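Me: Please take a close look at one part of this model for me, starting where the chain starts, and give me the cut-offs as you go. After that, tell me about a few other spots I should find on screen.

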Amino acid sequence: MDSGVYIGTWTNWSRGPVFGRTLTITRESGNPLIAFTAVFVGFVASRFWRIVCLCLHRCYSTSQPRETTHHQRQIILRNSTAPEAALWTTLTLLWAWRKLPNRKLAGFLPTLLLAVICIAAFTAASGFSSSISTAVGDEVLISAPNCAIPDGGDGSDSTLTYSDVSGKLNDAANYAQQCYEDNENKNITGACNKFARTALKTSSASYNASCPFDNKICRNQDSNVRLDTGYIGNDELGLNLPAGLGFGWRYVLHCAPLETEGYTDHVVDEQGIGHARFYYGGNLVGPIDNQTVEEYLYDVEDSDYQYPRGGRHLLSGSNYRVSFAESVRAQGQVLPGFAKLIPELTRLDGDTTLVFLSGNGVVFSERMDDDWYRATQRAPDLYTLAGKGYHPSYIPEIASSPMGCVEQWQWCDSASPSDESHCGPLASLFDSFYGAGPLFNVSEEEFASPPRPSSPDKSKARFLWPAQILQQNPTILAQLIGFLGAKSLKSQAQLLNVQWPIPRNQWQLDVTWWWHTILASVQASCRIHRPRLRIIRSSEHTSFSLFGLLFAFVTGAVIIIVAYALEPLLNCFYRYKKYRPYAHFEWMTNGSLQLHRLAHEELGLQTWSSCTDDIPITKPDVFLAGIDFTDPEHPVLSAQGDIKDYQRSDPEQESVSSTNEPRLLLPLDFQNITEITINAEEIGSNRPSVSSVSSEGSEVNLANHGHNDQIPAHDDQTNRTTATTTHDSGS
């Protein structure tokens, strides 16, 4: 374990049991592995191309006479080490032979096509090798054996709990600002890489929604806000559960500014201070068996108190006052201590929160007809340097402006439910729990088990744990408003004693900001879960797809083994079965070092051994020919006299070759051959001859490959058996 992150192999169930196998290591260890994988893939590419070249070379190999381009293609296939090198050399060759008819150059198309395919395939493979890490990225598994849900129910640790909640909400607001808003720098700072998903999705966002309550109590009937996450799977929340034990979660927020006419009253207290009272219901007070409803729901000082004459409030760092009243339902009833609302605001299928916005001394620099801010009342003119003098200012027309919001939740027994039969009701927080219980086989008794709902059954625990996590963490609107207050308003960004210009739909932007903060808080809250079930992202670690690693290295190892074993295997076929001798020896002699040997042997420098191996060698004291570039347009090999004399003075050399006749590359029979030479009596003549030294030490001269007649002869001087064949020069 390292810094609470599990180091080793684990399963990311969102990717399946096979593709989800994951290896997590530290960043310092991961970088060399990424580099090695890239180098390994490049080496595999060269070995695979070797296999392709060998197969093509043997397919094209023939003992029949062929034109120059055929032999050049064979040499390219034999000596190219990478597809891109073969592609470039072949294209260069085609350009050099561009005057030939197209039909004669068409034979290069398979080579070109295979080279392009190999380049494309291994370029993609290189991308795949990098995606072995980047596809999984920095997703890591938390390893926290002491993880648990905090319990402050007895009040003994309430100060710590409240402080923790406030800190969480501030962190969520900061995260929402950076990662949920349209911020072009959100992928640069790295601050948005802490959760399994950068942001939870919003499947439906309507800013022209209907009134969530009775139509007569909404200020507008068709410009309200309704936001819906749709079904969010446990993997999106970062909870690592097998497919059969997953769940889906849904959250809906529906808000609208409310009418105040007919629902408010003005009173004066004993100190002569005026108050505005809002009669949208009242809080339930008193013992549970004898509760009463308060006369009014909310009371606030009137505008005269909030905006004293003389404008001295402008110097006091004024800010909004944001308050709330909450109505929470369980099994159809309002819970004690919460608000019982009037029928116009009553929703049986959700929890309702009323949010009250008071200007509290904030002056607007321009008239604001927003349905919630309602800054339409003229105030004393403002003097600003930017405005070059005085200009009008405005204050809210009422002491506090109310907004009503309905929250709904839904749980499903699958991360991607196919229909509503797999989901509980879309309802209030508690009713969504109770309604979804049967889907997870959780009874009401298990919900009520002290000190908190729990079960050893995995099918039940997969629902009970996340349900409690979201219940006991700041993931509802009332908690957000209660702890953040005026800081929950998006308009704060333009507030400095004076509220400078803001959009006409500012209240909708505020609701969207609340929505994003709640979703960010949900993401953060889900980190409190059972050990090894929580996925986050860490910049200090690297995770690899174990399947991808094994596939890349196992497949690459097989290709490498085949590439190195194929030539020895074909050599064995020739040695024991005499399988395709010409193709065998053509591949061998087309090697660059064997071609080098053949070129020097044409000059009579024949002190060579290992002539059927990849690397032919000479005696240590043998000098080879240099380059004669007397004709710069036609450089040739040229052996100086002293080198030839030195070679011929060697008795062993003379026993190997008695002539220095010119040679010509022509097809021939390679049966039982250990040293290969190709001879022509006269370069450019109509009767070329080919000679080779057999394993019995005899040399065979072939005047033509046609083999029309064979006349054996015996040469006493050189002790060689010679077979000659003749043919008509026109054949």
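Reply:
**A sheet and its surroundings**

The secondary structure of the protein chain comes to 17 helices and 34 strands; these are DSSP runs numbered from the N terminus, with H or I over at least four residues for a helix and E over at least two for a strand. Keep in mind that this is a predicted model, where local features need pLDDT of at least 70 and side-chain atom pairs count only at pLDDT 80 or more, while totals for chains, interfaces and linings use all residues. Residues are numbered from 1 along each chain as its sequence is written, and side-chain values use heavy atoms, with hydrogens and water left out.

Here's the part I'd zoom in on: an open sheet of 3 strands, ordered β1-β2-β25 and paired antiparallel. Two strands count as paired if DSSP finds at least two bridges between them. The edges are β1 (8–11) and β25 (541–545), each of which pairs on one side only. On average, neighbouring strands in this sheet are turned by 30 degrees against each other, direction ignored. For angles, axes are lines fitted to C-alpha atoms (for helices, over the stretch in contact), and values run from 0 to 180 degrees between N-to-C directions.

If you want to follow the pairing by eye, go to β1 and β2 (residues 21–26), which run antiparallel and are joined by 4 bridges. A handy landmark there is Trp10, standing opposite Thr22 in β2. As general background, strands of a sheet pair through backbone hydrogen bonds, either parallel or antiparallel.

Now add the helices. Helix α1 (residues 27–60) lies across β2 and β25, at about 115 degrees to β2. Helix α13 (residues 546–577) lies across β1, β2 and β25, and it runs at about 60 degrees to β25. Contact here means heavy atoms within 4.5 Å.

Helix α13 also holds Phe547, which at 32% relative accessibility counts as partly exposed. The classes are buried under 20% relative accessible area, exposed over 50% and partly exposed in between, using a 1.4 Å probe and protein chains only. Phe547 belongs to a nonpolar surface patch of about 470 Å², together with Val18, Phe19, Phe128 and Phe551. Patches take residues with over 30% relative accessible area and no salt bridge, joining like charges within 9 Å and nonpolar side chains (Val, Leu, Ile, Met, Phe, Trp, Tyr) within 5 Å. A salt bridge, in turn, is a side-chain nitrogen of Lys or Arg within 4 Å of a carboxyl oxygen of Asp or Glu. The areas come from the Shrake-Rupley method with a 1.4 Å probe, and for residues only the protein chains shown count as cover.

Another helix to colour is α5 (residues 109–134), the place of Ala125. Ala125 is partly exposed at 24% relative accessible area. The C-alpha atoms of Ala125 and Val41 are separated by 7.2 Å, although these positions lie 84 residues apart along the chain numbering.

Following α13 onward, you reach Arg580 in the loop between α13 and α14 (581–589). Arg580 has a positive phi of about 45 degrees without being a glycine, and it is partly exposed, with a relative accessible area of 32%. Most residues other than glycine have a negative phi. Asn441 is also a non-glycine with a positive phi, about 60 degrees. Asn441 sits in the loop between α8 (429–436) and α9 (444–447) and is exposed, at 53% relative accessible area.

For a covered strand, try β13 (residues 321–327), where 5 of the 7 residues are buried. Strand β13 pairs antiparallel with β17 (residues 351–358) over 7 bridges, and Ala325 stands opposite Leu354 of β17. Tyr298, in strand β12 (residues 298–301), is buried at 10% relative accessible area. Its contacts, leaving out residues up to four places away in sequence, include Arg321, Ser323, Phe356 and Ser358. The C-alpha atoms of Tyr298 and Ser323 are separated by 8.9 Å.

Zooming back out, 47% of the 731 residues of the protein chain count as buried. Of the contacts with a separation of 6 or more, 65% come from residues 24 or more positions apart. The protein chain exposes about 36,100 Å², with carbon and sulfur atoms supplying 55% of it.
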